[in-house]
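Colleague: I am new to this structure and would like to understand the reasoning behind the labels its contacts and residues receive. Could we look at it together?

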2 protein chains.
Amino acid sequence: MLDNQAKLKFIGKVTKTNTNNTIITIFPQYRAALEGVNSFSHVIILYWLHLNDNNTQRNILRVTPRRHKNAPEVGVFASRSPVRPNPIGLSVCQLLEVTEKKLTILQFDAIEGTPIIDIKPYILKADCVSNALNPKWVRSGPKT
Amino acid sequence: MLDNQAKLKFIGKVTKTNTNNTIITIFPQYRAALEGVNSFSHVIILYWLHLNDNNTQRNILRVTPRRHKNAPEVGVFASRSPVRPNPIGLSVCQLLEVTEKKLTILQFDAIEGTPIIDIKPYILKADCVSNALNPKWVRSGPKT
């Protein structure tokens, strides 16, 4: 571990995407880690927003979420902006198919070539908080 | 961006923890990113499991989740094991208080000194999938 930083390894990437579904291909050395993923209906995908991995964008701390009507300017930790100190994207996705080397998922908003950094099973009792409160601006517009 | 890897920057760390709540202190240069976090009841915290950041543990691809009765051996991408290629922890946490530099959160399972890598608002329509399916072994034992 370096001083206040660490090294991320890419474990796969988005190899194909269209409006309905997306294929993630896991690199050969990590494929053994996929066993059992198919026993879950949903996964949490962590990915690296590589186009925003530059000093300018990693230093942006405040944004105005444009896709949400009447959104105020907020800190990036109060938004799901792809621009943030560590450009990590997080999406909860429905699994359509899992093979030895690929995941096919429903509606995942990342371009082809996007590096994947982790896949975690979606665990109902840990990840689903149905009484969470959100500010009004989040409730209009797209999911994030 | 390096070849198949990237650099993570720590944005804060766990500064105090007890059985009920945990304090995360954000480093000075990132504090402006906290504005508006207090309008959410819950956040997703991404943290770096620094004690597992070594070649041996980052090469483990299969685990038997010990805290769950009758859990089978599974790939790490089918578990929330702290041992994985990128030792990133993910927890959905209830916010108790947000100040200019600190978050106080309820029940967060990370030791003092744990580096924080991102904070994201918990967005109901993106993150809460109440009809997700989990295998039986996940439903016994602790949350993750």
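Modeller: We should begin with the term itself: a salt bridge is a side-chain nitrogen of Lys or Arg within 4 Å of a carboxyl oxygen of Asp or Glu. Please keep in mind that this is a predicted model, and that it holds 12 salt bridges over all chains.

Colleague: Why is the contact of R62(A) with E73(A) called a salt bridge?

Modeller: The closest N and O atoms of R62(A) and E73(A) are 2.6 Å apart, and the cut-off is 4 Å, so the pair meets the definition. R62(A) lies in strand 5 (residues 62–63) of chain A, whereas E73(A) lies in the loop between strand 5 and strand 6 (74–75), so the pair ties together parts that are 11 residues apart in sequence.

Colleague: What makes R62(A) partly exposed?

Modeller: The relative accessible area of R62(A) is 32%, and that of E73(A) is 43%; since partly exposed covers values between 20% and 50%, both residues receive that label.

Colleague: How do you know whether R58(A) is buried or exposed?

Modeller: R58(A) has 3% relative accessibility, and buried means under 20%, so R58(A) counts as buried. Its salt-bridge partner D53(A), met at 2.9 Å from N to O, has 17% and therefore counts as buried too.

Colleague: Which residues form a salt bridge with a 2.9 Å separation in chain B?

Modeller: K120(B) and D118(B) do, with their closest N and O atoms 2.9 Å apart, and both of these residues are buried. Elsewhere, E35(A), R62(B) and E73(B) are linked in a network of salt bridges.

Notes: Residues numbered from 1 in each chain as written. Chains lettered and ligands numbered in written order. Predicted model: local features only at pLDDT ≥ 70, side-chain atom pairs only at ≥ 80, totals over all residues. Heavy atoms only, no water. Buried < 20%, exposed > 50% of the residue type's maximum accessible area, 1.4 Å probe, protein only. Helix = DSSP H or I, 4+ residues; strand = E, 2+ residues; numbered from the N terminus.
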